[in-house]
Amino acid sequence: MHFLLSLSLYLVVTTPCVLAWHVRFGRQSVSATSSKSRLFLESPNEEPTPASLVGNPVVSRRFTLLNAPIVAAIPASLVSLPKSAYAMTADAAKEQWKQSVGVIDAMLSDWSSLKSGDAVRVQLGTQGTTSPLFQIEKAFKVLREESSDIVEFTEASDDFLRLLSAADSMAYSANFAGGSGPPTPPAVYLEKARKEVVELQGIAKTLSSLL
């Protein structure tokens, strides 16, 4: 009898910890011993109910009251996450796009001033962060909702990003022209980059017409 009373007291003390672990990791992770410990959640002298034996523990009033302040102290802002304070506005996206179109036009009007692959990549926004074309895909996500035809705009913006990547690839290759075989002048890759930018300009006009 003394042993049973000692065992009951031990389970009453340790059960809240077992229950907290059970709630977090799910019923499937609870061992067979936790089923026995649930008999003492309310009182060590209470008779077990069928529900408590099949995986529905009865939480004691003491456990509930002790843990209620913790739940109540959680700020509402953590439960309902607000929209990012840094989300781009439609006006900001339109301004970035307007400046991006200007950069593309300026590149083609004075291409000869771009003496290296890096110079081209800076303008394309793929090297450094000074060009408005830097992360232009974020602006596209906003502008898509502002366009007159969301499907056509999405397809055109995908083509734009593909051509932007191709132009960047050619400009990057211009920096490493040559190699062990017959050397390829950087100007060859720069010309290929220019052709990609010409196509880029055409897609840019399509995108602007949809805004």
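The dialogue below walks through a predicted model of an all-helical protein, one feature at a time.

User: Before I look at any detail, how far does the predictor trust this model, and what is its mean pLDDT?

Analyst: Good place to start, since this is a predicted model. pLDDT is the predictor's confidence in each residue, from 0 to 100. Here the mean pLDDT is 75, and 57% of the residues reach 70 or more.

User: Which elements have the lowest and the highest mean pLDDT?

Analyst: Helix α2, residues 32-37, has the lowest at 43, while α6 has the highest at 97. Two stretches with pLDDT below 50 can be set beside that. Residues 1-5 have zero contacts in the model beyond near neighbours in sequence. Residues 46-54 are also below 50, with seven such contacts.

User: Now the overall fold. How many helices and strands are there?

Analyst: Ten helices and zero strands. Reading along the sequence, you meet α-α-α-α-α-α-α-α-α-α.

User: And what share of the residues counts as buried?

Analyst: Here the cut-off helps: buried means under 20% relative accessible area. Of the 211 residues, 28% count as buried. The accessible surface comes to about 13800 Å², and 60% of it belongs to carbon and sulfur atoms.

User: How do I read contacts against sequence separation, and what percentage join residues at least 24 apart?

Analyst: Set the close neighbours aside and look at the rest. Among contacts between residues at least 6 apart in sequence, 65% join residues at least 24 apart.

User: Let's take one helix. What span does α6 reach from its first C-alpha to its last?

Analyst: Helix α6 covers residues 90-109, which makes 20 residues, and it reaches 29 Å. That is close to the 28 Å expected at 1.5 Å a residue.

User: Which residues of α6 are buried, and where do they sit around the axis?

Analyst: The buried ones are A93, Q96, W97, S100, V103, I104 and M107. Looking down the axis of α6, these buried residues fall within an arc of 120°, so they line one face of the helix. Turned away from that buried side is a face carrying the exposed residues D91, K98 and S109.

User: What covers the buried residues of α6?

Analyst: The cover includes α7 (117-124), α8 (136-146), α9 (150-174) and α10 (186-209).

User: Can I read α7 in the same way, and which of its residues are buried?

Analyst: Yes, and the list is G117, V120, R121 and L124. They cover an arc of only 95° around the axis, which puts them on the same side of α7. Their cover includes α6, α9 and α10. Just after α7 comes G125, whose phi is positive, near 80°.

User: An arginine among the buried residues catches my eye. What is R121 in contact with, leaving aside its neighbours within four places in sequence?

Analyst: R121 is in contact with T126, Q127, D168, A171 and Y172. R121 counts as buried at 12% relative accessibility.

User: How should I think about charged pairs, and how many salt bridges does a search of the whole structure find?

Analyst: The general idea is simple: side chains of opposite charge can pair when their charged atoms come close. A search of the whole structure finds four salt bridges. In one of them, R121 pairs with D168, with the closest N and O atoms 2.6 Å apart. This pair links distant parts of the chain, with R121 in helix α7, D168 in helix α9, and their positions 47 residues apart. D168 also counts as buried, at 15% relative accessibility.

User: What about pairs within a single helix, such as D159 and R162 in α9?

Analyst: The side chains of D159 and R162 meet in a salt bridge at 3.9 Å, N to O. Because they are three residues apart in helix α9, about one helical turn separates them. D159 is partly exposed, with a relative accessible area of 31%.

User: And R194, which residue does it form a salt bridge with?

Analyst: R194 pairs with E191, the closest N and O atoms being 2.8 Å apart. Both lie in helix α10, three residues apart, again about one turn of the helix. R194 is partly exposed at 26% relative accessible area, and E191 is partly exposed at 30%.

Methods
Residues are numbered from 1 along each chain as its sequence is written. Side-chain values use heavy atoms; hydrogens and water are left out. Helices (H or I, at least four residues) and strands (E, at least two) are DSSP runs, numbered from the N terminus. Buried means under 20% relative accessible area, exposed over 50%, partly exposed in between (1.4 Å probe, protein chains only). Contact means heavy atoms within 4.5 Å. Accessible areas come from the Shrake-Rupley method with a 1.4 Å probe; for residues, only the protein chains shown count as cover. The expected span of a helix is 1.5 Å times one less than its number of residues. The arc is that of the directions from the helix axis to the C-beta atoms.
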